[in-house]
Structures are given as structure tokens and as C-alpha cells.
Amino acid sequence: MLTLIKNISSLATCSANGELFKTGSQMQNVGEIKNAAILFDSKIRWIGLNQEYKNILSGSNIKEFRSIDAANKAVIPGFIDSHTHLVFGGNRSDEFAKRMRGATYREIAEQGGGIQHTVRETRAASEEQLFASAEKLINNAIKHGTTAFETKSGYGLDTKTELKILRVIKKLRKEKKLQISSTFLGAHDFPPEYSGRRDEYIDLICEEMLPQVVEHGLAEFCDAFVDQGYYTIEQGEKIFQGATDLGLKLKVHADELACVNGAELAARMGAVSADHLLFISDSGIENMKKSGTIATFLPGTAYFIRLPYAPARKILKNGNIVALATDCNPGSCFTENMQQILSLATLNMNMTAEEALNAATINAAAAICKSDSMGSLEVGKDANFLVLDGASYTDIFYHFGVNHVSQTWINGELAMVNG
Ligand code: NIG
Ligand code: FE
């Protein structure tokens, strides 16, 4: 059904004017229209000044439509969370408490906690249990303004469980009628049964897991955790070459715990994005700019495991493509709330509100290769947007720690109303 929302005090389009992403000074512009209206069915049909909508409706002979008064609230594109790990078993709140008593993320992992803890719980969980816990996170994310997701496997580390997780993602996409891009992350850690035989596990990934993932159409991207104590550059390269040969696109967990030149690897392999980048080198920044690899910042992780933030100002100044995402996962960043991420990006990474909003919408859509159909409010794109409580997008940053989303619209349908 055709719907008109009128009396919008401020509508941020985040449009890249026909381009698929924004960089440099364009990041300061959110394409704000004051006193706006929007007409849409599942796609956006028209956006303009409030005073123009009557002419548009009569000029196009539109008689049947539903009209909603925004009562001077703001509208922004729905957030796109381009890096999450939503499908897992169990809960690691005990590890969080240990960390607050002084243990580090790395120490907990070395004692068999961390990712290995979640692997044990995920192997033991049924598909129904995994579906229910991921659905709960997705519903809460929608409440907080997320309208499209990327999510990964990686808590199975054996063929059976990795495929189980990817099937759950497929079912979530179908049942929730949402864009949920799927990433195979068999190279998240090494399984305990391959202790001392790491290269044999890499052979398993390349010879058994990747072919089955592709055969069953279960993933669009392949990712690997290339970092100190996890996958080396050579191991990452082997997996990425195998994935590329089978037609998958690449994402990389790069330079999160130490500088291992994961960003350079991402650039060399033509990855769509390299994510984390807390310890990225100068050559990593330069090479990613040349290859057009998107730098996805996950400030929630630096906050949650108390590491230094990625050098956002340096990377933005260099003109790289920058996106923001939650990294929602049970260990290093347990939040599904993109507004919290925007707050951290501004206050702790010195990004402007406009840079943060563009990074969480149009550029985040580019990070899942979907910015031709979502991520900004432009005629012909999916009608995925948020009606906020306040009169401007700046309220999200100014009034922190509360949910500003009053309505979440996905594909022209009201997916959630708050209050
Ligand atoms: O993105 N970096 C690797 N993986 C996750 C952490 C996973 C976990 O602790 O369960 C991340 O930070
Ligand atoms: Fe991650």
C-alpha cells in the first residue's frame, strides 16, 4: 500500500548522489531536508518538501494512500549492521565478571574460555535453540533501528556445526523477511581436536567446509580472524584463495589484537571490507584505500574489551571508505544497539555525527554490497527508515544511552513501534 509520511522536521537522506559510498568531505553531509515528506510502498517513490506533496499526489493522480503525521519528528535511513555474530549458544557473563576482576580477554581465551566456550555451547545447541536466541537479538536490534544485517558462522569449528549455524541464518533471512547477509567464518579459531595440527584444520576448511558451504548456497562472504594467536597471514591467504576460487566475496577480521598486517592482506585479496583495525599500519591504510576495501570500525569491541580505538581520524583523512557496525557477539562486544555504536564513534573516536551516520547507513550498505538498493533514502531504494523521537538526527548523539527510535519501517512495513 502507498503510504505518505508528512510533517517530518528533518529527513537525513544519507544519499551518495548515485554513488555506492561516501568518502572524505562527503562524509560531513547527510543530505538533510528540513520540513520534509516521503511517499513509499515497499520502495521509496518520492521524497521532498512537505509543502510539495499535494502537488505530487494530484499530479500523479494518486487517490488511494495512507497518510501518517510525523508530528515534527526526524527520519533517517535504517541502520545496517554489517558485522555481527548472532548465532551462538550459551552466555559468557561469568567471563565478563572475571574480566572486571582483572583477567584479560586473551588470558580467558588461553584458559579455554572465550570463543572455545561458545563453541562448546553452540555444538550442543539445537537449530531451534540457536534460531530462538538469534531471533531475540534481531528483534531487539530492529527496536533500536537496525533494518539489515550481516551475520557469521564461526562458533562451530567443525563441518556439521558450521553448516548448522549457516542454515539457521538462512532460516532467519526467510522467516524474518530481512536482508541478512551470510558469512562463513570457519577460521574464527582452531578447534580443540586439531590442537597442534593447525594446518590440517585449514585443509579441512579448504577441502571440505568451503565446498559444502558453496554447494548448499549458504554464504555470500568468507571471513577469517587474522591476528596474533589466531590465523597467520599465510593461513588466511590460503583460505581466502580457496574461497575466492569458489566465488565467495571476502571480509577480514584484521589487526584487532595486534598489528599483523591483516589490512594489507585484505587489500591484496580484494576483500570487500577489513574490520576492527585497532592496530592497522600506515601501509594497511594506504593499501586499503587503493583496493577500495572498506574499513569497518567496531568501536563497541574496543570499549568492551578495553583496547585502544581504531585510528578513525587518520583513516578518514586519508579518504578511505569507512563503515560502522556492532560486532555483536557473546565475548568481545555484546550489544545489538547501533545507537550505542554511533555514540562511541563520536565521543571516543572523534568522528562527527554526520560521519558516523553515513558510516552506519550508506557505507555500511556498501560493506554488504547492497548500497544499490538500501542504505540511503532515495527514490527506488527499499523503504527502510526510522522515525525518531526527536526533531533531528543529532539527538541520537546528544541524548545518549536511550533508545531514540519511535518507528522502524522495513520494506515499507511498520516493523516496530516503540511506546
Ligand atoms: O569479532 N575477533 C574475533 N571474534 C570476535 C570475538 C568472538 C568472541 O569472543 O566470542 C570479534 O571480536
Ligand atoms: Fe567479529
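These exercises walk through a predicted model of one protein, with worked solutions.

Residues are numbered from 1 along each chain as its sequence is written, and chains are lettered from A and ligands numbered from 1 in written order. In this predicted model, local features need pLDDT of at least 70, side-chain atom pairs count only at pLDDT 80 or more, and totals for chains, interfaces and linings use all residues, while side-chain values use heavy atoms, without hydrogens and water.

**Exercise 1. Describe the overall build of the protein.**

Start with the elements. The protein has 16 helices and 15 strands (DSSP runs, H or I of at least four residues for helices, E of at least two for strands, numbered from the N terminus).

Next, take the radius of gyration (over C-alpha atoms; the globule rule is 2.2 Å times the number of residues to the power 0.38). The protein has 21 Å, which agrees with the value near 22 Å for a compact globule of 419 residues. The C-alpha trace spans about 70 × 45 × 45 Å along its principal axes.

Then check burial. Of the 419 residues, 59% are buried (under 20% relative accessible area; exposed is over 50%, partly exposed in between; 1.4 Å probe, protein chains only).

**Exercise 2. Find the donors of the iron ion (ligand 2) and place them in the chain.**

List the donors (N, O and S atoms within 2.8 Å of the metal, or 3.2 Å for Na, K and Ca; water is not among the atoms, so sites may look incomplete). They are His 83 (NE2), His 85 (NE2), His 253 (NE2) and Asp 327 (OD), at 2.1 to 2.2 Å.

Now read the spacing. It is H-x1-H-x167-H-x73-D. His 83 sits in the loop between β5 (79-81) and α2 (93-100), and His 253 in strand β9 (residues 249-254), so the pair ties together parts 170 residues apart in sequence.

Finally, are these two histidines buried or exposed? His 83 is buried, at 0% relative accessibility. His 253 is buried too, at 2%.

**Exercise 3. Work out the surroundings of Asn 261.**

Locate the residue first. Asn 261 lies in the loop between β9 and α9 (262-268). Its relative accessible area is 35%, so Asn 261 is partly exposed.

List its contacts (heavy atoms within 4.5 Å). Beyond neighbours within four places in sequence, Asn 261 touches Ile 233, Asp 255 and Ser 281. Leu 57 is 204 residues from Asn 261 in sequence and 55 Å away, C-alpha to C-alpha.

**Exercise 4. Count the buried residues of helix α14 (residues 353-360).**

The count is 8 of 8, so α14 is mostly covered by the burial cut-off. Among them are Glu 354, Leu 357 and Asn 358.
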